[in-house]
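Student: Could you pick one spot in this model and take me through it up close? After that, I'd like to see how it ties in with the rest.

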Amino acid sequence: MTASASPGQGRNRSTTGRFVPMQRTPDDASQVAVRRRRPDLLPFLLIAPVVIFIIGLALVPAGFTVIQSFFTVDELDPPARFSGLNNFVQLFHDPAVTSSVGNTVLYVVIGVTLSTVLAVPMAVLLQSAFRGRSFVIAILILPWALPGVVEGILWTGIFDSNGGLISSLASTLHLSTGTGVLLGQDRLLTIALIELVQVWQITPLSVLLILAALQLIPGELYEAAAIDGAGPWRSFRSVTLPLARPGIAVAMVQAVIATFNVFDQPFVLNGAASTAASLTMQTYYISFQNLNFGQGYALSLLIAVATCVVSVVVVRVVYRKVEL
Amino acid sequence: MRTIHGRSPASTRSARMLAAVAGVVLVTSACGGSTASSSGSGQTTGVTITVALAADPPPAAVLAAFTQQSGITVNWVNIDWDSLQTKISAAATAKTFFADATDVDWSRVGQLGKLGWFVPMEKYIDTAATKADVPQLSSFTSDGHVVGVPYDASFMVTTVNEDLFTRAGITAMPKTMTEYTSALKQLKSKGVSQYPLNIPFAAAEGLSTYWYQTTNAFGGTVLDGTGKPQFTDPGSAGYQAAAWMVDAMKTGLVPPGNINVTDSQGEQTLMAKGQVATTFSDYSGVVGVLYNDKTQSSVPSKTQYLPTPGVDRPTVNLSNPDGIGIPKEAKYPDAAAKFIQWFTSAQTQQDFAGLSGPSKTWSAYTLPSHLSAVQKLATAGGLAQGQVLADLLKTSKPVFAGGAPTWYPKFSNAVYTNLHAAATGSMSTDQAIKAIAAVAVSLSSGS
């Protein structure tokens, strides 16, 4: 028996004043065990609902997705049957999918870079105390709280070449914008502008994540840096940036996940056009337009794997453990 | 023997059993629950049915009157069209209840007919008798079964801003494609309209239907009865239609920004604001509900329907109506059928269209699917250019004579993505036509 007991419970004082182990009956032993096991169960009970939710709504469907991606599951061509890697092979031969791979890579590169570059200075600014700081944070979070479809519709009015905000401003200021077409004509410009809308949405969360990391940095470090003659820029490079790396890494990972799964903004702003269609849009078309769920599962799986791989790379490159 | 840290075989068995049960429960729930009955209740009174359509509900008083007369309460759910199609597919695939009555779009009739996701409506409605007064019912027939019943009469029409045409000196409205194209050039050259023509070139369904109507105007069809493409020859109607549309963009007849304009955006921001003079393939009813509405339009009473120009005379119009049907997993299919009978009746449609006063008028409603209802509206003067619409409706025909093919959504995707690409200049019209044809050949051959 490995369990230790408190003096009053497990040990008796002998007549010589020494403590000797108390003789236990089997009933005593089980009571002790019950007393000991009750508090052990509590944490499991507390997290059980979340675990069940995650298993039921994420892991089990994810498992099904993995399995079904190796099957032909086509509502117009029943029954479902094992087809090995056929779904994956078909995807690689689908020009719409291969074109979307390139588009999605651009979304990820532009989105992650831009949201991080914008979020770091914004977080640094918000770290300093100023009047109305809470209000600014509340305003900042608004784009993140808006649904992507709403943002897409909102920005349609800005980018619309037939009298949108930008073309109207250009016209008022007598500036030439060529044909005035911002979306749909040039692939890189279209993707950059659409991703700008998503960056507007995801940057607030990045700011908050980095701000949380900045607030853990002790003020003494900045004082020490100042004593050593470091100016604001040197303090930022040598104190702020290295110590904010955990927050920056988490912010970049959320940006990677969001940009890999971009759907609403290109769907609303550019329709199904191959100039800017993303991989998740192709998943939608394959699954719910063509009803070829097997290929849809396979593409979902590929997106999930790619997201995980890039996220791991980002964490390995950017994340550094900080001990203060 | 029990130990404190170990487990007895009995408890291990229990734990395994529990885990197994939990696993089965989770797997079942993850599969979406395939235990829903495919034959719902026959109850038709004292029930609440869910009706899911991409529209705001009809007036509450009208629905309340239906409840009073039938004992059926209607729970109306407004879901945008794209989400609605996704939900219909997801629910039918998982064999779960989604709604008792929902949208059946003309373009998905072939697909839905083959899948058997909807209850055949001939079980509830005398389709042969209905067809005489509802000509567009044929658009909802697949393999001899009626998948849904049209609740409005949507068909493609040509709309013109008569004021702009007159200012450009065009007194006789064009009857042929040649005359129509000349009129467009005249509108531009006279400086009356910088960009006279609205073509919604966004890569969306509206671009496909525009091409079908234009192909029809050039005297042909897109696919034959077996689904083979009829537009690959440069002399074919489909090829000429695509070239005409793309050239209109390249020669400045269409606003450059239309690359990303959808059909509804074009109606609201271009035609209704007088920025363009005409839309070749517009929607029936739009003059009354949008262009003549002073709250949304700056050109009230200035637009009109034009019998769609053809090769040597005006051509017929293609229909793209909205229908309503009963999913196989409906809880109360018989009650839903009663609702559909009422909802698609000529009397209810007249009420929706405004013939019985504003309290029964449904603002989202465009045009009755019953010829008799349209005729009554036209006679009563309650419909903008009612007689013109009634005449066009009589001769309107389905886009695909044999019903939309099962693979229509994929084909349409190829149409609008490639025509969009041709309009942007990233591929030629010829390349776009070849790409669309390749998809059609592949799909129609079953590969």
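Tutor: Let's start at Ala336(B), which, once you set aside its neighbours within four places in sequence, is in contact with Ile49(B), Asp100(B), Ala101(B), Ile326(B) and Ala330(B). Keep in mind throughout that this is a predicted model.

Now for the surroundings of that alanine. Ala336(B) is one of four residues that touch the most other members of the largest nonpolar core, the others being Ile210(A), Phe339(B) and Leu419(B). That core holds 183 residues, and its largest share, 12 residues, comes from helix H9 of chain A, residues 187-214. Chain B takes part through both of its domains, since the core draws at least three residues from each of domain 1 (17-154 + 322-398) and domain 2 (156-316). As a rule, nonpolar side chains in soluble globular proteins tend to be buried together.

Staying in chain B, let's move on to helix H13. Helix H12, residues 333-343 of chain B, is among the elements that cover the buried residues of H13(B), along with helix H2 (60-70) and helix H14 (371-380) of chain B. H13(B) runs over residues 346-353 and is mostly covered, with six of its eight residues buried. Those buried residues are Thr348(B), Gln349(B), Gln350(B), Asp351(B), Phe352(B) and Ala353(B).

What comes after H13(B)? The next residue is Gly354(B), which has a positive phi, near 105°. Then there is Leu355(B), in the loop between H13 and H14 of chain B. Leu355(B) has 19 C-beta neighbours inside 10 Å, so it counts as partly exposed; the cut-off for buried is 20 or more. Skipping residues up to four places away in sequence, Leu355(B) touches Gln350(B), Lys376(B), Leu377(B), Ala380(B) and Gly382(B). Gln350(B) also appears among the buried residues of H13(B). For a sense of scale, the C-alpha atoms of Leu355(B) and Thr44(B) are separated by 29 Å, with their positions 311 residues apart along the chain.

Let's go back to the core by way of another of its well-connected members, Leu419(B). This leucine sits in H16(B) and takes part in the meeting of that helix with H8(B). From H8(B) come Glu205(B), Leu207(B), Ser208(B) and Trp211(B), and from H16(B) come Ser412(B), Val415(B), Tyr416(B), Leu419(B) and His420(B). By class, that contact has five nonpolar, three polar and one charged residues. As for the geometry, the axes of H8(B) (residues 205-217) and H16(B) (residues 408-424) come within 8 Å and cross at roughly 90°. The two helices are therefore roughly perpendicular to each other.

Next, the two domains of chain B. Their C-alpha centres lie 30 Å apart, and the contact between them takes 13 residues from domain 1 and 11 residues from domain 2. On the domain 1 side, helix H15 of chain B (residues 386-395) has the largest share, four residues. That side is made up of seven nonpolar, five polar and one charged residues.

There's another loop in chain B to look at, the one between helix H9 (237-250) and helix H10 (263-271), where Pro256(B) is found. Pro256(B) is partly exposed because 19 other C-beta atoms lie within 10 Å. From Pro256(B) to Leu393(B) it is 33 Å, C-alpha to C-alpha, and 137 residues in sequence.

Now for the other chain. The contact between the chains takes 32 residues from chain A and 33 residues from chain B. On the chain A side, helix H2 (26-68) and helix H14 (279-289) each supply at least two residues, and H2(A) gives the most, with eight. By class, the chain A side divides into 16 nonpolar, 14 polar and two charged residues.

Finally, here are the chains as a whole. Chain B has 17 helices and 13 strands, and its C-alpha trace spans about 105 × 55 × 40 Å along the principal axes. Of its 447 residues, 52% count as buried. Chain A comes to 15 helices and four strands, and buried residues make up 32% of its 324 residues. If you take contacts between residues at least 6 apart in sequence, those joining residues at least 24 apart account for 72% in chain A and 73% in chain B.

Note on methods
Residues numbered from 1 in each chain as written. Chains lettered and ligands numbered in written order. Predicted model: local features only at pLDDT ≥ 70, side-chain atom pairs only at ≥ 80, totals over all residues. Domains from an automatic or database assignment. Contact = placed C-beta atoms within 7 Å. Nonpolar A, V, L, I, M, F, W, Y, C, P; charged D, E, K, R; others polar. Core = buried A, V, L, I, M, F, W, Y, C linked by C-beta atoms within 7 Å. Buried ≥ 20, exposed ≤ 12 C-beta atoms within 10 Å, placed from the backbone. Axes fitted to C-alpha atoms, helices over the stretch in contact; angles between N-to-C directions. Parallel < 35°, antiparallel > 145°, perpendicular 65-115°, else oblique.
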